Amino acid sequence: FENGQLGLAAKGSGVTFEGNEIYGTNTAGFSAGWEAGGSKFAYTRDLVVRNNYVHDNRGPGLWTDIDNIDTRYEGNRVIGNDLIGIFHEISYDAVITDNEVRGNGFGFDPWLWGAGIAVSTSVNVEISGNLVAGNADGIVGIQQDRSDAPASHGPLSLSGLAVHDNVISGNGGWSGVGQDVGDNGVFTTANNRFYNNSFEQTGTHYFWLN
């Protein structure tokens, strides 16, 4: 807690992070878009992040960025972090399930970047059974040109995203999918799906087909 840059960083195979509290990190004011906040995991396989309390960090809460595969986020409470609550970026197969994600993303929330849960340019991610409430945005998928990123397990794209059976409640902005590459395939042919979710908020908050 109250570390200068990050609460936790890890890489490698078979990492499990369970039953911990991370809070108040990035006291030195590092760029949270680069690497700061609650955590950052890179180049992992079979990472499990379970039953942690991650709150009030100056940056993302839980963040897998760069070439992670077979990730599982389960049973975490991710609350009041400045940026995205749970963020899976330029990576591969993941399950994000049964987490409580509240009040994140108000430190930087243009477009879709204030999400409780966000997946960016990653393949085969399932998001289910989460409570995502009171964040700047809800649950989002983002397609960008990340051709400069390591891609050990195949081409990177937002594809095979399945978002289902979540409660998405009282978020200020959007849930859904966006892209900034000028290609609508992310909506039509990439097998990205939202279904059986419960939306508990007024107004128009769903983002699809630009």
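These are my notebook entries on the sheets, the largest pocket and a few single residues of a predicted model.

**Entry 1. The sheet that begins with β2**

I began with the strand order, and I found an open sheet of seven strands, arranged as β2-β5-β8-β11-β14-β17-β20, in which the pairing is parallel. I then looked up its edges, which are β2 (16-18) and β20 (193-195), each of them pairing on one side only. I also noted the angle between neighbouring strands of this sheet, which are turned by 5° against each other on average, direction ignored. For one pairing inside the sheet I went down to residues: strand β14 (residues 125-128) runs parallel to strand β17 (residues 162-164), and three bridges join them. When I followed Ile 127 across, I came to Val 163 as its bridge partner in β17.

**Entry 2. The sheet that begins with β3**

I repeated the look-up for another open sheet of seven strands, whose order is β3-β6-β9-β12-β15-β18-β21, again with parallel pairing. Here the strands that pair on one side only, and so form the edges by the pairing criterion of at least two bridges, are β3 (21-23) and β21 (198-200). From one strand to the next I recorded an average twist of 5°. Within this sheet I checked strand β12 (residues 100-102) against strand β15 (residues 131-133), and the two run parallel with three bridges between them. Opposite Glu 100 I found Leu 131 of β15.

**Entry 3. Strand β16 and its partners**

Is strand β16 enclosed by the rest of the structure or open to the outside? I went through residues 137-143 and found seven of the seven buried, so I wrote the strand down as largely enclosed by the rest of the structure. I then asked which strands pair with β16, and one of them is strand β13 (residues 115-120), which pairs with β16 in the parallel sense over five bridges. In that pairing the bridge partner of Ala 118 is Val 140 of β16. With β19 the pairing of β16 is likewise in the parallel sense, over four bridges, and there Ile 142 stands opposite Gly 178 of β19.

**Entry 4. Gln 179 in β19**

I stayed with β19 (residues 175-179) for one more residue, since Gln 179 lies in this strand. Is Gln 179 buried or exposed? Its relative accessibility is 11%, which is why I count Gln 179 as buried, the limit being under 20%. Leaving aside neighbours within four places in sequence, I listed its contacts as Trp 111, Gln 143, Asn 184, Val 186, Phe 187 and Asn 210. I also took one distance, from Gln 179 to Ile 117, which are 62 residues apart in sequence and 16 Å apart in space, C-alpha to C-alpha.

**Entry 5. The largest pocket and β7**

I turned next to the largest pocket, which holds about 390 Å³ of space. Its lining comprises 20 residues, and those nearest the centre are Gly 33, Trp 34, Trp 63, Phe 87 and Glu 89. Two or more lining residues come from each of α1 (32-35), β4 (37-45), β7 (62-65) and β10 (86-89), and the largest share, four residues, belongs to α1. By residue type I noted twelve nonpolar, three polar and five charged residues in the lining.

I then examined the side-chain directions in β7, where Leu 62 and Thr 64 point one way while Trp 63 and Asp 65 point the other way, and all of these are buried. β7 and β10 run parallel and are joined by four bridges, with Thr 64 standing opposite His 88 of β10.

**Entry 6. Two residues with positive phi**

Last, I looked at backbone angles, bearing in mind that most residues other than glycine have a negative phi. Asp 46 departs from this with a positive phi of about 60°, although it is not a glycine. I placed Asp 46 in the loop between β4 and β5 (48-50), and I entered it as partly exposed because its relative accessibility is 40%.

Trp 111, already listed among the contacts of Gln 179, has a positive phi near 50° and is also a residue other than glycine. I found Trp 111 in the loop between β12 and β13, where its relative accessible area of 31% makes it partly exposed.

Definitions and conventions. Residues numbered from 1 in each chain as written. Predicted model: local features only at pLDDT ≥ 70, side-chain atom pairs only at ≥ 80, totals over all residues. Heavy atoms only, no water. Axes fitted to C-alpha atoms, helices over the stretch in contact; angles between N-to-C directions. 1 Å grid on protein atoms, 1.4 Å probe; cavity = no way out; pocket = protein on both sides within 12 Å on 5 of 7 lines; lining within 4 Å. Points joined across faces, edges and corners; volume = space filled by probe spheres on them. Nonpolar A, V, L, I, M, F, W, Y, C, P; charged D, E, K, R; others polar. Buried < 20%, exposed > 50% of the residue type's maximum accessible area, 1.4 Å probe, protein only. Contact = heavy atoms within 4.5 Å.
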